Amino acid sequence: MKVFVTGASGFIGNAVVVELSKAGHQVVGLARSAEAAGKIKSLGTNVEVLMGGLQDLDVLKRGAQDADGIIHLAFIHDFKAFDKSCEIDRDATVAMLESIKGTEKPFVYTSGILLLLPGKILDV
């Protein structure tokens, strides 16, 4: 199975990519920098890199369309502009989901407790 992973160079993404690769899956990890790309490539022999970020909606759509499944782990951790980070995440998620609509491809979305603010649940 070919799996597109956003956040592939992150703490959780790193572990997910390693396990997918060990299980024999082909992995395409999203990387927004050369440093992240190098880290992702080092995680397995059947791991590729797709250069782009969460605001590169065309790149995200292509990654999702070319894969058999998607795991969305990325999030911009800019706590000074948290609302904007949530908007970017929502737009990225919608773009990937719209690009695979009707395909029955699996889509895994993760979030942390940071989406919950005291007394407020963010609608993302």
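**Exercise 1. Determine how strands β2 and β3 pair, and which element connects them.**

Step 1. In this predicted model, strand β2 (residues 26-31) and strand β3 (residues 47-51) pair in the parallel sense, with 5 bridges between them. Helices (H or I, at least four residues) and strands (E, at least two) are DSSP runs, numbered from the N terminus. Two strands pair if DSSP finds at least two bridges between them.

Step 2. One position in this pairing is Val-28, whose bridge partner in β3 is Glu-48.

Step 3. Helix α2 (residues 34-41) joins β2 and β3 in a right-handed β-α-β unit. A crossover is right-handed if, with the strands pointing away from the viewer, the path from the first strand over the helix to the second runs clockwise.

Residues are numbered from 1 along each chain as its sequence is written. As the model is predicted, local features need pLDDT of at least 70 and side-chain atom pairs count only at pLDDT 80 or more, while totals for chains, interfaces and linings use all residues; side-chain values use heavy atoms, with hydrogens and water left out.

**Exercise 2. State the strand order of the open sheet and identify its edge strands.**

Step 1. The open sheet is formed by 5 strands in the order β3-β2-β1-β4-β5, and the pairing is parallel.

Step 2. β3 and β5 (107-109) are the edge strands, each of which pairs on one side only.

Step 3. From one strand to the next, the twist averages 20°. Axes are lines fitted to C-alpha atoms, for helices over the stretch in contact, and angles run from 0 to 180 degrees between N-to-C directions.

Step 4. Helix α2 packs on the sheet, where it touches β2 and β3, and its direction makes about 165° with that of β3. Contact here means heavy atoms within 4.5 Å.

**Exercise 3. Describe the pairing of β1 and decide whether this strand is enclosed or open to its surroundings.**

Step 1. β1 runs parallel to β2, to which 4 bridges join it; Lys-2 stands opposite Gln-26 in β2. The pair β1 and β2, together with helix α1 (residues 11-22), makes a right-handed β-α-β unit.

Step 2. Strand β1 (residues 2-6) is also joined by 4 bridges to strand β4 (residues 69-72), again in the parallel sense. Its partners in β4 include Gly-69 for Val-3, Ile-71 for Val-5 and His-72 for Thr-6.

Step 3. Because 4 of the 5 residues of β1 are buried, the strand is largely enclosed by the rest of the structure. Buried means under 20% relative accessible area, exposed over 50%, and partly exposed in between (1.4 Å probe, protein chains only).

**Exercise 4. Follow the chain from β4 to β5 and establish how the faces of β4 are covered.**

Step 1. β4 pairs with β5 in the parallel sense over 3 bridges, and Ile-70 stands opposite Phe-107 in β5. The route from β4 to β5 passes through α4, and this β-α-β crossover is right-handed.

Step 2. Helix α4 (residues 82-99) lies across β1, β4 and β5 and runs at about 170° to β5.

Step 3. In a regular strand the side chains alternate between the two faces of the sheet. In β4, Gly-69 and Ile-71 are buried on one side, and Ile-70 and His-72 are buried on the other, so that both faces are covered.

**Exercise 5. Characterise Ser-99 and the aromatic pair.**

Step 1. Ser-99 is found in helix α4 and is buried, with a relative accessible area of 15%. Leaving aside its neighbours within four places in sequence, Ser-99 is in contact with Lys-61, Ala-64 and Gln-65.

Step 2. A search of the whole structure finds 1 aromatic pair. Phe-75 and Phe-82 form this pair, which is tilted, at 6.0 Å centre to centre and 55° between the planes. Rings of Phe, Tyr and Trp (its six-membered ring) pair if their centres lie within 6.5 Å; planes under 30 degrees apart count as stacked, over 60 as edge-to-face and the rest as tilted.

Step 3. Phe-82 is buried, with a relative accessible area of 11%.
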